[in-house]
Amino acid sequence: MAADGHALPDQLTDEETISLVRRMGEAGVPVVFLSGGEPMMRSNFWEILAEVNAQGVRPTISTNCTFIDEAAAKRLKEYGVRWIATSMYGPPEFHDAMVGVPGTHAKIVRAVKALRAEGVGVVLKTALSVDTWPYIFDVIQMAKDLDCGLVYICDLITAGRSEGEDDSRVSVEQWRQLADFVVEDMLDPDVKLEYDIGAIPSVIPYIAERFIERGVDVSKGLERLKIMSACPVGKGHMNINSEGGVMPCQFAQDWVVGNIREMSLAEATAACYQIDLEESKGICAPDACEYSRICRGCRAKAWQREGDYMAEDLTCILHPERARTIPVAPRVGHSPSAPCAVPGGCG
């Protein structure tokens, strides 16, 4: 988002946010992911978090960590927060220049240590671009050194502050290089760090192919992907923006299917689910790619490029000339796709 620190005119009121959380509790929502902008800047942040906890919903928070000290870390743990997701782009000078606030890198490191001391899991997030590529392996090592449980690497989405910066996206070859590194890292029994990849779902079948080449049994994961694809749009998480807009994807702020003020959570879920009933087009279509339902392509990129959320995803990293090695059984009926299942997923 191109957030500017100002509240939008039609932003949900404090009372509406608490009411919405109670509706989530009544509906049996299992997890809520509080993000922004910077969610801890909202005046009733702690009240929202307290209500989330009271409703028995598990909270995860995406924050820049500059508001978290030892006392805040303890309070977050008391309010039921199990995971904090925070962004890291590289070494201190580079990171601080990227976010535009000197000293941010040091504050993040202190916050992560305070959170881990309280037993709160940390997801270290980064966006992959030509600027951050030189530091991606350093960020991964930093996640290990700081005892983070998960690293989330997201392909560059050209929206918000990065709108129009398609030339800043790394190449297919670089994504393959990173994916190959992830495979080797995951096969190392001494590595406990988990990985989540965002906004480039073709990485998932690519990695599955690499595992199969190494003799690894990925059958359970493939079975799961038959009903829960690498792109979460349609059956993953529901996104609600600050004005109550229901968004199929948090990376496409202008793509809404209704407003939570005017529809129930069940109706909003049904509206999102309708998207999953459609098939991807072009190189992502079922007749063009055996992995169509495993991957689906990034629907946000299709929306931003074509204004058609089912258009093809041109950032696919699979080798089109290679024979597929994942045993994908023919589909019988409809196999809906879905969610990011890890704590920091798609944040």
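Is A199 buried or exposed? In this predicted model, A199 counts as buried, because its relative accessibility comes to 12% and the cut-off for that label is under 20%. As for where A199 sits, look to the loop between β6 (194-198) and α8. The backbone there is a bit out of the ordinary: A199 is not a glycine, yet its phi is positive, at about 65 degrees. Most residues other than glycine have a negative phi.

A199 has some company in this respect. C65 also shows a positive phi, near 70 degrees, and is likewise a residue other than glycine. The loop that carries C65 runs between β2 (58-62) and α3 (70-78). With a relative accessible area of just 1%, C65 is buried.

The backbone has another oddity to offer, this time in a peptide bond. Most peptide bonds are trans. The one from G36 to G37, however, is cis, and its omega is near 15 degrees. G37 belongs to the loop between β1 (31-34) and α2 (45-54).

Moving on to helix packing, what angle do the axes of α7 and α8 make where they cross? Helix α7 covers residues 172-187 and helix α8 covers residues 203-213. Their axes come within 10 Å of each other and cross at roughly 50 degrees, which means that α7 is oblique to α8. That label fits because angles under 35 degrees would count as roughly parallel, and 65 to 115 as roughly perpendicular. As for handedness, the crossing in which α7 passes α8 is right-handed.

The last stop is the stretch around helix α4, where the surface has a nonpolar patch to show. M98, V99 and V101 make up this patch, and together they put about 220 Å² of accessible area on display. One of the three, V101, lies in the loop that links α4 (92-99) to α5 (104-117). V101 is partly exposed, given its relative accessible area of 42%; that value falls between the 20% limit for buried and the 50% limit for exposed.

Helix α4 itself holds E93. At a relative accessible area of 72%, E93 is exposed, since anything over 50% earns that name. E93 can also be paired with G103: the two are 10 residues apart in sequence, and their C-alpha atoms are 8.7 Å apart in space.

Methods:
Residues are numbered from 1 along each chain as its sequence is written. This is a predicted model: local features need pLDDT of at least 70, side-chain atom pairs count only at pLDDT 80 or more; totals for chains, interfaces and linings use all residues. Side-chain values use heavy atoms; hydrogens and water are left out. Patches are made of residues with over 30% relative accessible area and no salt bridge: like charges are joined within 9 Å, nonpolar side chains (Val, Leu, Ile, Met, Phe, Trp, Tyr) within 5 Å. Accessible areas come from the Shrake-Rupley method with a 1.4 Å probe; for residues, only the protein chains shown count as cover. A salt bridge is a side-chain nitrogen of Lys or Arg within 4 Å of a carboxyl oxygen of Asp or Glu. Helices (H or I, at least four residues) and strands (E, at least two) are DSSP runs, numbered from the N terminus. Buried means under 20% relative accessible area, exposed over 50%, partly exposed in between (1.4 Å probe, protein chains only). Axes are lines fitted to C-alpha atoms, for helices over the stretch in contact, and angles run from 0 to 180 degrees between N-to-C directions. Angles under 35 degrees count as roughly parallel, over 145 as roughly antiparallel, 65 to 115 as roughly perpendicular and the rest as oblique. A crossing is left-handed if the near helix is turned anticlockwise from the far one by less than a right angle, and right-handed if clockwise.
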